[in-house]
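Here is a walk through one protein model, strand by strand and ring by ring. Keep the sequence and the structure in view as you read.

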Amino acid sequence: MLFTLEDEIYGIYVKKIREVLRVGKIRQVAGTPSHVLGVINVRGVIVTVVDTRTVYGMPRKPVTDLSRIIIVELEEEQTVGMMVDFVMEVRDIPESRFEALSSTKENASRYIQGIAHYQNNVIILIDVDNMMMKLA
């Protein structure tokens, strides 16, 4: 699944995604880290919502009609919501198109599995499990 933050296109393996939601009421929780927006109730399950922009060092942005929360399933059978600017589409991109990042770059590959050049776009593939584990 492809989504945007600012002018960059990011991707998450569709197998990690439970659903995509419009942004509704997010309850703030005192004492949470700055990248946590709060929690939402998804059919009786409380889900933490992370501001994906701040995780990547971008300034916060007001919610728009295009903003979405991507509910992802992590390896530890947890779910988390990722606030993104815009969900584009589900696209089948062959794994052979993705190049791994060099681990010598300072923090460059912390939350990124690889980068692909696809249909005149650069797509950054996110390692959701690693990202959420490091943020916890």
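Begin at H117, which stands opposite V122 in β11. This match belongs to a pair of strands in a predicted model. Strand β10 covers residues 112-118, and strand β11 covers residues 121-126. The two run antiparallel and share 6 bridges. Strands of a sheet pair through backbone hydrogen bonds, either parallel or antiparallel.

Now widen the view. Strands β10 and β11 belong to an open sheet of 6 strands, ordered β8-β1-β2-β11-β10-β9. Its pairing is mixed. The edges are β8, residues 86-89, and β9, residues 98-99. Each of these edge strands pairs on one side only.

Which strand does β11 pair with in the parallel sense? It is β2, over 3 bridges. There, I9 stands opposite I123 in β11.

Strand β2 also has an antiparallel partner. Strand β1 (residues 2-5) pairs with β2 (residues 8-11) over 4 bridges. L5 has E8 as its bridge partner in β2. The two strands form a hairpin, with 2 residues between them. One residue in the turn, E6, has a positive phi of about 55°.

Next comes the other sheet. This open sheet has 5 strands in the order β3-β6-β7-β5-β4, again with mixed pairing. At its edges stand β3 (17-22) and β4 (36-42). Each has a single partner strand, so one side of each is left without a neighbour in the sheet. From one strand to the next, the twist averages 30°. Inside this order, strand β5 (residues 45-51) pairs with β7 in the parallel sense, over 4 bridges. T48 stands opposite V80 in β7.

Turn from strands to packing. The largest nonpolar core holds 23 residues. Which of them touch the most other members? They are F3, I12, I70, V72 and M82. Several elements each supply at least two residues of this core: β1, β6 (68-73), β7 (79-84), β11 and α2 (128-135). A second, separate core has 10 residues, including I26, V42, V49 and I71.

Look closely at I70. Leaving out residues up to four places away in sequence, I70 touches M1, F3, I12, I17, E19, V20, V80, G81, M82, V84 and V87. Among these contacts, F3, I12 and M82 also appear with I70 in the list of core members that touch the most others.

Finally, follow the aromatic rings. A pair of aromatic rings is described by the distance of the centres and the angle of the planes. The model has 3 aromatic pairs. One of them joins Y10 and Y56. Their ring centres lie 5.4 Å apart, and the planes meet at 45°, which makes the pair tilted. Y10 sits in strand β2, while Y56 is in the loop between α1 (52-55) and β6. The pair links distant parts of the chain, 46 residues apart. Y10 is buried, with a relative accessible area of 4%.

Y56 has another ring partner, Y111. This pair is edge-to-face, with 6.2 Å from centre to centre and 90° between the planes. Y111 lies in the loop between β9 and β10, and Y56 in the loop between α1 and β6, so the pair ties together parts that are 55 residues apart in sequence. Y111 is buried too, at a relative accessible area of 9%. Together, F3, Y10, Y56 and Y111 form one aromatic cluster.

Conventions
Residues are numbered from 1 along each chain as its sequence is written. This is a predicted model: local features need pLDDT of at least 70, side-chain atom pairs count only at pLDDT 80 or more; totals for chains, interfaces and linings use all residues. Side-chain values use heavy atoms; hydrogens and water are left out. Two strands pair if DSSP finds at least two bridges between them. A nonpolar core is a set of buried Ala, Val, Leu, Ile, Met, Phe, Trp, Tyr and Cys residues joined through side-chain atoms within 4.5 Å. Buried means under 20% relative accessible area, exposed over 50%, partly exposed in between (1.4 Å probe, protein chains only). Contact means heavy atoms within 4.5 Å. Axes are lines fitted to C-alpha atoms, for helices over the stretch in contact, and angles run from 0 to 180 degrees between N-to-C directions. Rings of Phe, Tyr and Trp (its six-membered ring) pair if their centres lie within 6.5 Å; planes under 30 degrees apart count as stacked, over 60 as edge-to-face and the rest as tilted.
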